[in-house]
Amino acid sequence: LSVLVSLPWQVLVECGACQGAFTSRLLKAFPDRKIIAYEPDHFFFNRLRERVGNRASVVMGDLKAAAKTKCDVFFASSCVYYIDRLPLMLVQSQATYIVVSDELQYHETILNRLFEVSKFDCIAEKSLPARLEKMNGLQETRYGTNVKVFKRRGYRARGGRQ
């Protein structure tokens, strides 16, 4: 959430929203913004829709479908490794900013190079330590993660080509 506060955006696409735990936090933190949450799994899609109701647009779809949606920020957290080849759909998104949250090793071995050759610059980075967190009333281990914000080269702060 802290990296999203510093970005100028009105529409955010969340890829792999699962049951909507983070989606709910987005809606609370940014009540005046449009959130479009994509989830490909039927079970989690239904839970997501129940959880957020009409406060967000909830769409049954995968990374490929989400990447086609017009937005300012494309957000993917711990989901790009579910696809069976290099996550090219991330950089094919029309978003000005792409925020990826994943383990550091995945950033170092796959994502950093992908964004570099696709003309994106890393403009912010934050590491989150491992921690215990409540999820549906149960303690869950959250492994450390690395959050990076990539900005498409040639875009001004408010979007649009230079």
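Is Cys18 buried, partly exposed or exposed? In this predicted model, Cys18 counts as partly exposed, because its relative accessibility is 27%, and that value falls between the limits of 20% for buried and 50% for exposed. Cys18 sits in the loop that links strand 1 (11-15) to helix 2 (21-29). Its backbone deserves a second look too: Cys18 is not a glycine, and yet its phi is positive, at about 55°. As helpful background, most residues other than glycine have a negative phi.

Lys119 also has a positive phi without being a glycine, here of about 65°. This residue lies in the loop between helix 6 (104-117) and strand 6 (120-128). Lys119 has a relative accessible area of 53% and is therefore exposed, since the limit for that class is over 50%. A positive phi turns up at a glycine as well: Gly53, just after helix 3, has one of about 55°.

Helix 3 itself, which spans residues 42-52, is a good place to see how a helix can have two faces. Its buried residues are Phe45, Leu48 and Val52. They lie on the same side of helix 3, because the arc they cover around the axis is only 65°. The general rule behind such a pattern is that an α-helix has 3.6 residues a turn, so residues three or four places apart point the same way. The exposed residues His42 and Glu50 are carried on the face turned away from the buried side of helix 3. On the buried side, the packing partners are helix 2, strand 2 (34-39) and strand 3 (57-60). Where helix 3 starts, Asp41 brings a side-chain oxygen to within 3.0 Å of the backbone nitrogen of Phe43.

The interior of the model comes next. In soluble globular proteins, nonpolar side chains tend to be buried together. Here, the largest nonpolar core holds 22 residues, and those with the most contacts inside it are Leu4, Leu7, Trp9, Leu12, Ile35, Val73 and Val99. At least two residues of this core come from each of helix 1 (2-5), helix 2, strand 2, helix 3, strand 4 (73-77), strand 5 and strand 9. Helix 3 gives the largest share, with three residues. Leu7 shows how such a core residue is surrounded: beyond its neighbours within four places in sequence, Leu7 is in contact with Arg33, Val73, Tyr97, Val99, Ile123 and Val149. Another core, of 21 residues, lies apart from the largest one and includes Ile36, Tyr38, Ala66 and Cys71. Arg33 has a further partner in Trp9, since the arginine lies over the face of the Trp9 ring, at 4.7 Å from the ring centre.

Aromatic rings also meet one another in this structure. A pair of aromatic rings is described by the distance of the centres and the angle of the planes. The whole structure contains five aromatic pairs. In one of them, Phe115 and Phe120 meet edge-to-face, with 5.4 Å from centre to centre and 85° between the planes. Phe115 and Phe120 are both buried. Phe115 also pairs with Phe150, this time in a stacked arrangement with centres 3.8 Å apart and planes at 5°. This stacked pair ties together parts that are 35 residues apart in sequence, because Phe115 lies in helix 6 and Phe150 in strand 9 (residues 145-152). Phe115 is buried, with a relative accessible area of 0%, and Phe150 is buried at 3%. Phe115, Phe120 and Phe150 make up one aromatic cluster.

Helix 6 also contains Asn112, which counts as partly exposed because its relative accessibility is 24%. Asn112 and Phe150 are 38 residues apart along the chain, and their C-alpha atoms are separated by 9.5 Å.

A last stop is Ser93, found in the loop between helix 5 (88-92) and strand 5 (97-102). Is this loop residue buried or exposed? Ser93 counts as buried, because its relative accessibility is 0%. A polar atom of the Ser93 side chain lies 3.1 Å from the backbone nitrogen of Ala95. Not counting residues up to four places away in sequence, Ser93 touches Ala67, Phe74, Ile98 and Arg152.

Terms used:
Residues are numbered from 1 along each chain as its sequence is written. This is a predicted model: local features need pLDDT of at least 70, side-chain atom pairs count only at pLDDT 80 or more; totals for chains, interfaces and linings use all residues. Side-chain values use heavy atoms; hydrogens and water are left out. Helices (H or I, at least four residues) and strands (E, at least two) are DSSP runs, numbered from the N terminus. Buried means under 20% relative accessible area, exposed over 50%, partly exposed in between (1.4 Å probe, protein chains only). Rings of Phe, Tyr and Trp (its six-membered ring) pair if their centres lie within 6.5 Å; planes under 30 degrees apart count as stacked, over 60 as edge-to-face and the rest as tilted. A charge sits over a ring if NZ of Lys or CZ of Arg is within 6 Å of the ring centre and within 35 degrees of the ring normal. A polar contact is a pair of N or O atoms within 3.5 Å; within protein, one must be able to donate a hydrogen and the other to accept it, and residues adjacent in sequence count only if both atoms are side-chain atoms. Contact means heavy atoms within 4.5 Å. The arc is that of the directions from the helix axis to the C-beta atoms. A nonpolar core is a set of buried Ala, Val, Leu, Ile, Met, Phe, Trp, Tyr and Cys residues joined through side-chain atoms within 4.5 Å.
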